[in-house]
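Thanks for coming, everyone. I'd like to walk you through one model today, starting with a single residue and working out to the helices. Let me put it up.

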Amino acid sequence: MKKVALHNLGCKVNAYETEAMQEMLEKEGYEIVPFKEGADIYIINTCTVTNIADRKSRQMLHRARKMNPDAIVVAAGCYVQAQENEHHELDSCIDIVIGNNKKQDLIQILDEYESKCKTEKVIDINHTNEYENLNLSRTGEHTRAYIKVQDGCNQFCSYCIIPFARGRVRSRSLEGVVQEVTTLSGNGYKEVVLTGIHLSSYGVDFEEQEARKKTDLLTLILAVHEIPGIERIRLGSLEPRIITEEFAKTIAGLPKMCPHFHLSLQSGCDATLKRMNRRYTTGEYYEKCELLRKYFDHPALTTDVIVGFPGETEEEFEESKAFVDKVNFYETHIFKYSKREGTRAAVMENQVPEQIKAERSAQLIELGAKKQEAYEKEMVGKDVEILVEEPAQINGKEVQVGHTKEYIKVALESDENLQNQIV
């Protein structure tokens, strides 16, 4: 049977889809091999979030072709979807194109290729209500499983191409999520991370269906919480507006809920947020952080911040930096604004020079490191539970490494194998 090598680029949703494709291939008898010379089929699950991501996707496709000129090279996902939407001619090194919502047909597409020279499966992603049926019974990690529960986005932030590559919001059925998590629990997984392209929108597309009228992210969390064997629940990136008094109070009453929340910020300046088409103010964002701190004891709040967005003045950057300082995040992921063709931000006036972006990025990275150190110091001396993930060696000592519910990495001195145990 043919040897297949897979490579993933991009987000956790992409990673989930790549693992689901791998599982489909294994069930059909394909041999999964490392991404190097010798494979008969190379599958690259691509990313298109920035121009740099596009370039990396092209590079990996060319690398696959060089590793075996006779192999079948499959380009899947966001890059090829966006290229189709933008009417760009795709690279000649690609044999098979699989857009989003078509990865579920991978086996059929490979079979069809035997009788055809080139195959393209790219639908009009902006006009579909279908949620792609992909499933996992295990993942590359041995203790934690990422579960895709939602696809698409309706937000249209001015810097983001993803709504055009992923389409509108499409939510997975509650029953489908519960079934997959139950299977994973039966296979020994104790922690699940609910993730999606715009997780906070889970269920909004159900509203016209009377039977599912009240199905939203909170409903989903409550259902997953009831599954035996699952001991921890984490959430992927959230929009601040989903944090209401009811939401925070309800999840705080769930013993399995991890007090670790990633609230997407992007800028701490209201004028910049408006240009970004982010639909909240810094005042509203701060209120949401305080709500979580009201109901959770010392929760780990993490975020993303873009520096050098078009038109960001020195005063706006200082305002953003002061807000990040005020919130006291556990982790702050800093991104220099990267132009993406096809977005409104790419053609905005007053593009910020790269050198200034780099200087601003360095300042926020330094601030973020101080905040992270301060948060971790506050945990010293406390009794915490860790889910042990793997053995390691630190300074010659045998240790077990895992994470607390706040997602702080901890080493436990032990030469005993405690993998997948909560200690």
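Let's start at N14, which is buried, with a relative accessible area of 1%. When I say buried I mean under 20% relative accessible area, exposed is over 50%, and partly exposed is in between, using a 1.4 Å probe and protein chains only. Before I go on, the housekeeping: this is a predicted model, where local features need pLDDT of at least 70 and side-chain atom pairs count only at pLDDT 80 or more, while totals for chains, interfaces and linings use all residues. Residues are numbered from 1 along each chain as its sequence is written, and side-chain values use heavy atoms, with hydrogens and water left out.

Back to N14. You'll find N14 in helix α1, residues 12–27. Helices here are DSSP runs of H or I with at least four residues, strands are runs of E with at least two, and both are numbered from the N terminus. So what does N14 touch, leaving aside its neighbours within four places in sequence? The list is N8, L9, N45, T46, C47, K103 and R166. Contact, by the way, means heavy atoms within 4.5 Å.

Next, I161. I161 sits in the loop between β7 (144–151) and α5 (162–166). Is I161 buried or exposed? Buried, at 2% relative accessibility. Along the chain, I161 and T48 are 113 residues apart, yet their C-alpha atoms are separated by 7.6 Å.

One more buried isoleucine: I334, in strand β13, residues 331–336. Its relative accessible area is 15%, which means I334 counts as buried. Not counting residues up to four places away in sequence, I334 touches V305, V307, S361, L364 and I365. You can also pair I334 with Q363: 29 residues apart in sequence, and 9.9 Å apart C-alpha to C-alpha.

Now the cysteines, since somebody always asks. How many disulfides does the structure hold? Zero. A disulfide is a covalent bond between the sulfur atoms of two cysteines, and the cut-off used here is a pair of cysteine sulfur atoms within 2.5 Å. Take C269: the closest cysteine sulfur to its own is in C157, 16 Å away, so that's too far for a bond. C269 is also buried, at 1% relative accessibility. C93 is buried too, at 6%.

On to the helix packing. The axes of α8 (residues 245–252) and α10 (residues 282–295) come within 9 Å and cross at roughly 30 degrees. That's why α8 counts as roughly parallel to α10. For the cut-offs, under 35 degrees is roughly parallel, over 145 roughly antiparallel, 65 to 115 roughly perpendicular, and the rest oblique. The axes themselves are lines fitted to C-alpha atoms, for helices over the stretch in contact, and angles run from 0 to 180 degrees between N-to-C directions. On the α8 side the contact is made by E245, A248, K249 and A252, and on the α10 side by L291, L292, K294 and Y295. By class that contact has five nonpolar, no polar and three charged residues. Nonpolar covers Ala, Val, Leu, Ile, Met, Phe, Trp, Tyr, Cys and Pro; charged is Asp, Glu, Lys and Arg; the others, Gly among them, are polar.

Then there's α11, residues 314–327, against α12, residues 354–379. Their axes come within 11 Å and cross at roughly 10 degrees, so α11 is roughly parallel to α12. From α11 we have E314, F317, E318, K321, V324 and D325, meeting R360, Q363, L364, L367 and K371 in α12. In this contact, four residues are nonpolar, one is polar and six are charged.

And α10 with α11: the axes come within 11 Å and cross at roughly 15 degrees, so again we call α10 roughly parallel to α11. T282, Y285, Y286, C289 and R293 in α10 meet F323, K326 and V327 in α11. That contact divides into five nonpolar, one polar and two charged residues.

Last stop, two asparagines with backbone angles worth a look. Most residues other than glycine have a negative phi. N328, in the loop between α11 and β13, has a positive phi of about 65 degrees although it is not a glycine. N328 is partly exposed, at 40%. N350 is in the loop between β13 and α12, with a positive phi of about 60 degrees. At 59% relative accessibility, N350 counts as exposed.
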